[in-house]
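Me: Please take a close look at the interface of chain A and chain B. I should like a connected account of the contacts across it, followed by the sheets on either side.

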Amino acid sequence: MNNPFFKEIADNIEMAAKAHNYSVIATSADFDVAKQQNQIKDFIVKKVSAIVLCPADSKAIGPAIREANAAGIPVFTADIASLDPQAKVVAHVATNNLEGGRMAADAMVEALGGKGNVAILDHPEVESVLLRTKGFEERLAELNKKPGNDVKVVAKLAGGGDKAKSFKVMQDIIQSHPDLNGVFAINDPSALGARAALENAGKAAQVKIIGFDGQPEGKKAIKDGKIYADPIQFPDKIGSKVVELIFQYLDGNEVAKQTLIQTALYRQADGAKDASLK
Amino acid sequence: MALPSLSSQPPTGSTGQLDGEGKPTLPRKQRSGSNVFKRLASDYGMVFALLLLGAFFSWQTWAPQQPVGTGAGEQVANLVRKSFPKGSRVLVAARGIPEDHAFATAAERTLKANGYEIAEVVRGAPIDARHALQRAIDGKQKVDVIAANSASAGWVIFQNLGTKFPALGNVLVVSPTTYHWPNFLKTDNLLNIANQIAVIAIIAIGMTMVIITGGIDLSVGSLIALSAVVATLFITKAAGAEAASAFGMTWCCLGGIAMCAALGFFSGVMITLFSIPPFIVTLAMMLVGSGLAYLFSQGQSIYQMPESFVWLGRGTAFAGIPNSVVLMLVLYLIAHIVMSNMSLGRYIYAVGGNREAARLSGVPVVAVLLIVYTLSGALAGLGGVVTASQLKSGSPNYGQMYELYVIAAVVVGGTSLAGGEGKIFGTLIGALIIATIQNGMNLTGVESYTQKVVLGLVILGAVLFDRLKHRGLFRFRRKA
């Protein structure tokens, strides 16, 4: 589990399940669907009571889920949904990414005082990120209708969701848009990569960054004033919610097909109060 | 000995190494009279390691197993008969899958035949059990016992029934008694291992040949993705997507394989004609292959496949063995025959043993290398098709890092990276060792960071073991 986000989901699933006297086997597919499929097959052999998945690929994971269906094992998804219509998933728990994107737009307008040119560091291969940028652009359009507001998206480039690539892409954006005022980076690694590029170019004060996630490194950067704000996700809530749903299901109750966990805006003042950063 | 010439180049007899009768000799020629058993015996060390691993994981995964199906149904009915008088009302609870249908049917039949009343037979999810219990309460009927199988007995709904349904009184849940058997040794799991390694093992055939010639092919991982993308793209665009026929799909898959074979051939040309080191050429092709896969698919997975597309990767046409495993075994058999009984095999060893000597003794070195790299590309393409079939979709991010697992399988199987020696069946054993370790660690719940460390050390250990074994062997040969 290279991403601390998934690790936190898994840790919280483990903690919540332990309270019910269930044990948890957590594995990482390292974003390789074939590997994930093998892991699911191994789970089926072990006859687990339920499987929680963060699909490595929303479409290609279908056959593996169907195999679990055929073995009578209930499947739950967290963070990333399965898009295979024939694969039966009991319930899906994820961040409300659309709302999160909208919060990011609020924060951006707030940071720029209503006026400026912004860039988006995108990662369109991922469904949840598409929702974030969609929410951002929608809300920005709404806010721009207010008199005096004028925040323009001047560039939208793929930062790969990682630091190294976002660093390079941000450097290129500064070259073509020297008058940039803000960046919306779709996750913390992209935001931090962008920050590094801006510091390098001596533009860190001119360009405000809005990230996404609220990973420890991102929160620390917000506290230090390097990122203006993040709509933060709550992987701990995702993890404990999934377990709650599993036990609701096994206890013979109706289970909501989809549960969205709201994000919250996290600014410098929140960072100063945050005990986890001390 | 007549050398069937693969190129038009005649043996350069005048300067080559010739034996007494003027016949060209091949360096490190294969021992004659080889058969499967001898070959396996010479790989004794690796087979032994595999068995040892199997024994270790069997011991580690020794776990209670639950009887399933008809047997479990009869057993649970007999358990009910022991503790409850005739006429008791029994609720039978099972999931809605075929295995559980057999259980529920058998339990119902046996109980009825022995004079028990069946309150209801639940075939579904926990919620259906809750509804059934509620119906019994609503109908003012009692339930004395719940006959469950091991899966449904674990449903939370059946815990603390007294507090959840006070009207029912004290209901007991009876489930079949467990027996012990290693999870690792279950038929399903052993087939899993074979199925999980099929792709890597198939590609490792080509890689073994490449490495025996003293080369390397780093492009195979990317070619998996390329072939998967090309084959699935053809199916969606040209063969009618979800309505594609088996015939159409076969041609599309062959297209994907041909594309990879062509890239392999191109690598071969670069390596032979321009003497660029294989490492560099195939590194470049790794980028080209991956880039093409992303280009063709525009970074998206292609999933509009007919249901029948999974036949190759997941179907079982022969004695319950997955088709991909059958394909793997057939390919190994063919490769074994090629490498031990055909001149192409001897040439491959000769080229790797000493390229110059091989050339001088009339081995068509260029043709051999071209064939080997083309074959490696084609097998990687086949691996991509199998992957696409297993996942019922094509995606440019398949096969990342697979080249390393393939090389690891070859090396663990005893093939020397220096070229000139190695065995096809050794590679199969090597692939199985890697799969067994991965599967065993998954079954014993070793987390993934540790798994990588262990796998790395195993590869190192296998090579070390092989080195030591070889030293001993060489000394022995010299004495003889």
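Reply: At this interface, 39 residues of chain A are in contact (heavy atoms within 4.5 Å) with 43 residues of chain B. The model is a predicted one, in which local features need pLDDT of at least 70, side-chain atom pairs count only at pLDDT 80 or more, and totals for chains, interfaces and linings use all residues. Residues are numbered from 1 along each chain as its sequence is written, chains are lettered from A and ligands numbered from 1 in the order in which they are written, and side-chain values use heavy atoms, with hydrogens and water left out.

The two chains bury about 3,400 Å² between them, with 46% of it on carbon and sulfur atoms; buried area is the accessible area (1.4 Å probe) that two parts lose on being put together, summed over both. Across the interface of chain A and chain B there are 3 salt bridges, each a side-chain nitrogen of Lys or Arg within 4 Å of a carboxyl oxygen of Asp or Glu. A salt bridge joins the side chains of A:Arg66 and B:Glu307, at 3.1 Å from N to O.

Polar contacts across the interface number 20 residue pairs, both residues at pLDDT 80 or more. Such a contact is a pair of N or O atoms within 3.5 Å; within protein, one must be able to donate a hydrogen and the other to accept it, and residues adjacent in sequence count only if both atoms are side-chain atoms. On the side of chain A that touches chain B, the elements giving two or more residues are helix H2 (33-45), helix H3 (62-70) and H9 of chain A. Helices (H or I, at least four residues) and strands (E, at least two) are DSSP runs, numbered from the N terminus. H2(A) provides the largest share of that side, 8 residues.

Helix H9 (residues 235-250) of chain A also packs on a sheet, touching E1, E2, E3 and E9 of chain A. That open sheet has 4 strands in the order E1-E2-E3-E9 (chain A), with parallel pairing; two strands pair if DSSP finds at least two bridges between them. Strand E2 (residues 75-78) and strand E3 (residues 91-95) of chain A pair over 3 bridges, and A:Thr77 has A:His92 as its bridge partner in E3(A).

Chain B contains an open sheet of 4 strands with parallel pairing, in the order E3-E2-E4-E5. Its edge strands are E3 (117-123) and E5 (172-174) of chain B, each pairing on one side only.

Notes: Axes are lines fitted to C-alpha atoms, for helices over the stretch in contact, and angles run from 0 to 180 degrees between N-to-C directions.
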